[in-house]
Amino acid sequence: MFCRLSCPINSTSIANNSTSVLCARYFFFSSSSNRFRSHGSSRIFHNPAFSPKSYYKKVEVVERERGEMTISPAVKISDRKLQVKERTILAGVPDNVVTTSASAEGPVEGVFIGAEFNEENSRHVVSLGSLRDVRFMACFRFKLWWMAQRMGDRGKDIPLETQFLLVESKDGPSHIGSDGTGGDEGNQVVYTVFLPLIEGPFRACLQGNAEDELELCLESGDGDTKASSFTHALFIMAGTDPFATITNAIRAVKLHLKTFRQRHEKKLPGIVDYFGWCTWDAFYKEVNQEGVEAGLASLTAGGAPSKFVIIDDGWQSVEGDPVPDQNYKDQQPLIQRLTGIKENQKFQKKDDPSVGIKNIVNIAKEKYGLKYVYVWHAITGYWGGVRPGVEDMKEYGSAVKYPEVSKGVMENEPLWKNEAMAIQGLGLVNPKNAYKFFSDLHSYLAGNGIDGVKVDVQCILETLGAGLGGRVEITRQYHQALDASVARNFPDNGCIACMSHNTDALYCSKQTAIVRASDDYYPRDPISHTIHIATVAYNSVFLGEFMQPDWDMFHSLHPAGEYHGSARAISGGPLYVSDAPGNHNFDLLKKLVLPDGSILRARLPGRPTRDCLFSDPTRDCVSLLKIWNMNKYTGVLGVYNCQGAAWSTMERKNTFHHTGTDALTGFIRGHDVHLITEAATDPDSWTGSCAVYCHRSAELVTLPSNAALPVSLKVLEYEVFTVTPIRVLAQGSRFAPLGLIQMFNAGGAIQGLRYEVFNGSSESVGKVYVEVKGCGKFGAYSSAKPKRVTIGSNETEYTYDWESGLVSFTLDQTPEENQKGHIVEVEL
């Protein structure tokens, strides 16, 4: 039922904002057995701050604080039906499909699926049965390099090259309560995860057909690598918490394959906590030392100093192949191949060419205070690989091979056949020499002060396995070599994986901790901006289990600059721009970057909220996209209108489609932040009430448990909300810190939080101690005006808004270097 309540926010000021968050009213959503809950009375107990480690320790029971135990329903095939907790997901399962229990892989229930075929082959396709009357979200490769999302409700909607499939059963209510919880076990929504795997030298993916059947496709990528029997090609698991179920499923697969590690088991490189700059969209391949220095100087002068730089494509020594005559060269631009380990002339010191790339590294670190310098290279050296026959490169045994792209990729990306690599081939280093190649390259870079590498073009390996044992084997050899070299040469684990969205690579990733989450940011392509935000969010549901997704660079001085920048701020990943020198929006950058170059990074991968997992915010002309993440003591929600453009199944490319010009309206709730209970200091007695701060409208509202706040946005508009559990102290006094409220991820500034409650004899109710990173305007919700606010040992002036309860004051400067943060004391 809905109950409209008045809200303590000034509705007039909101109505005057054409892109406003409609804060004038909020709504209760409740079941008949629990119509309304009091949010004014509870008993408070201390609980440690949220941490990612605690999330993974509790992942099987992540909803316990809300009274919901995550279950792992039995998955089985019975009477030719794939059933999850007695609900049919697939019907008409063929007799040659076989199952193996996953009980040996850990304390979760699930099944491995395989199939028996009549003859050996290098490629097999088998039906798994018909899929109908469910909602699903699929992550599939629309290009060789990249995944995107697709939603639907029947088998024929599932794209070729689907690598991750999440299915919501429709038996019983689709959502029970405001956040999908409540009700008895039989009525709970069940989420089923399908993970096509690596089995031996074969790699599996999913696809649909015109008869609504879900098919399993297995390929080795080598005509001589054949098999006819498979037992562990697909893993299926289910549960009532989608995020915990996905994590548990990936864990079970990890225990089975023993070839990769999960994100929380890897060392995140230091760049994730600092603001950076990438040279790509500023200079493309024309980058040089002077351009790099100009970019760093420009950002520093504007008060948003970069602390890391990625020198992208353009620094290496490359040439095209010799050509018989000019006519050949005119017909086809020559693909460039690597001719040496060292930098090209643009990155040599002019008065002493023997001082190579170390020159710009020294300038960056010594003159501009950078902490990290990364450079780009392809996993094969360069786009065209390593040029065979070059004297300095002979020891790597490079030979030209022509990529053989799988049928599914070719159908999704028909223009691949025109790529230079497809026509002119690629100089592939002998896989047996891959470690020496990487080690020589990386040791040279590390010796010149480089701290890490962005390793691009990774999916090309799957096309080069013919005669080498197949796609899985060549990928494994190269990634083992890459991991070993990175571990040896870059102690901060400085590596970013890029153009790497195939499971061949994901399921052998033990070292790399950052992965680019989507196709490139294209500043000059208007069709790309809404697509980009939706794609990075949905891809992160899958990719975020392996590595921290990197939502890519962006331009700050751009019509969609805030749209992109706000999303990067809540992504949990690296935050960097590709502005040309002098082309910056410093008002925007100062919502992202502190004066010392650090950022307020959220602690998990940003992902769509539970109620957005199966809606299509790019195509359906109805849905807004909500993205959640966690800080230590707060949550953060980003809401985006991503309608109007999407990948077309007919045209096999991104296209515009008709959408209305009016704003769409959706709703946010405190529990949209999936782990918000973890941010409460009193999780056992917290009632679910939250303080919610709207970044763009600068409004504060308190939301009782199950209440909802309307949000209205036009295409390419956004809003960011800081969400903090409200702590109830003695005598009904309530308090919730928000953070640095002029920053997108305000709550990321709160590093410590402690409450001290006084007994009844004191004039004060209690004190709140907050440790704050950075500087700027700090905000908090308080139900009563504080008696005083102290920063360190000095009492400070503050303002208090009686209508909303917003307490605000200014932290004038960043803490001293030997301090973790400001110590703020609020007496109530």
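Four exercises with worked solutions follow, all on a predicted model.

**Exercise 1. The chain as a whole**

Task: Find how many helices and strands the chain has, and state what share of its residues is buried.

Solution:
- Start with secondary structure. The chain holds 15 helices and 48 strands.
- Turn to burial. Of the 828 residues, 63% are buried.
- Take the surface next. The accessible surface is about 29600 Å², and carbon and sulfur atoms account for 47% of it.
- Finish with contacts. Count those between residues at least 6 apart in sequence: 73% of them link residues at least 24 apart.

**Exercise 2. Strand pairing around E7**

Task: Determine which strands pair with E7, and in what sense.

Solution:
- Locate E7 at residues 110-121.
- Look at strand E6, residues 97-101. E6 and E7 run antiparallel and are joined by 5 bridges.
- Pick one bridge as a check. Thr99 has Ile113 of E7 as its bridge partner.
- Now look at strand E16, residues 227-239. E16 also pairs with E7 in the antiparallel sense, over 7 bridges.
- Check again with one pair. Val111 stands opposite Ile236 in E16.
- Keep one rule in mind when viewing strands. In a regular strand, side chains alternate between the two faces of the sheet.

**Exercise 3. The charge at Asp550**

Task: Asp550 is buried; establish which side chain of opposite charge is nearest, and how far away it is.

Solution:
- Place the residue. Asp550 sits in strand E27, residues 548-550.
- Find the opposite charge. The nearest such side chain is Arg516, 5.0 Å away.
- Apply the cut-off. A salt bridge needs the charged atoms within 4 Å. Asp550 has no salt bridge.
- Look for polar partners instead. The Asp550 side chain makes a polar contact with the side chain of Tyr576 at 2.7 Å. The Asp550 side chain also reaches the backbone nitrogen of Asp552 at 2.8 Å.
- List the surroundings. Beyond four places in sequence, Asp550 contacts Ile496, Ile514, Val515, Arg516, Ala517, Pro574 and Tyr576.

**Exercise 4. The end of helix H7**

Task: Decide whether Tyr368 is buried or exposed, and identify its contacts beyond four places in sequence.

Solution:
- Place the residue. Tyr368 belongs to helix H7, residues 358-368.
- Compare with the cut-off. Buried means under 20% relative accessible area. Tyr368 has 14% relative accessibility, so Tyr368 counts as buried.
- Read the contacts. Among them are Glu293, Leu296, Ala297 and Thr300. The list also includes Ser306, Lys307 and Ile363.
- Take one pair further. Tyr368 and Ala297 are 71 residues apart along the chain, yet their C-alpha atoms are separated by 7.3 Å.

Methods
Residues are numbered from 1 along each chain as its sequence is written. This is a predicted model: local features need pLDDT of at least 70, side-chain atom pairs count only at pLDDT 80 or more; totals for chains, interfaces and linings use all residues. Side-chain values use heavy atoms; hydrogens and water are left out. Helices (H or I, at least four residues) and strands (E, at least two) are DSSP runs, numbered from the N terminus. Buried means under 20% relative accessible area, exposed over 50%, partly exposed in between (1.4 Å probe, protein chains only). Lys and Arg count as positive and Asp and Glu as negative; His and the chain ends are not counted. A polar contact is a pair of N or O atoms within 3.5 Å; within protein, one must be able to donate a hydrogen and the other to accept it, and residues adjacent in sequence count only if both atoms are side-chain atoms. Contact means heavy atoms within 4.5 Å. Accessible areas come from the Shrake-Rupley method with a 1.4 Å probe; for residues, only the protein chains shown count as cover. Two strands pair if DSSP finds at least two bridges between them.
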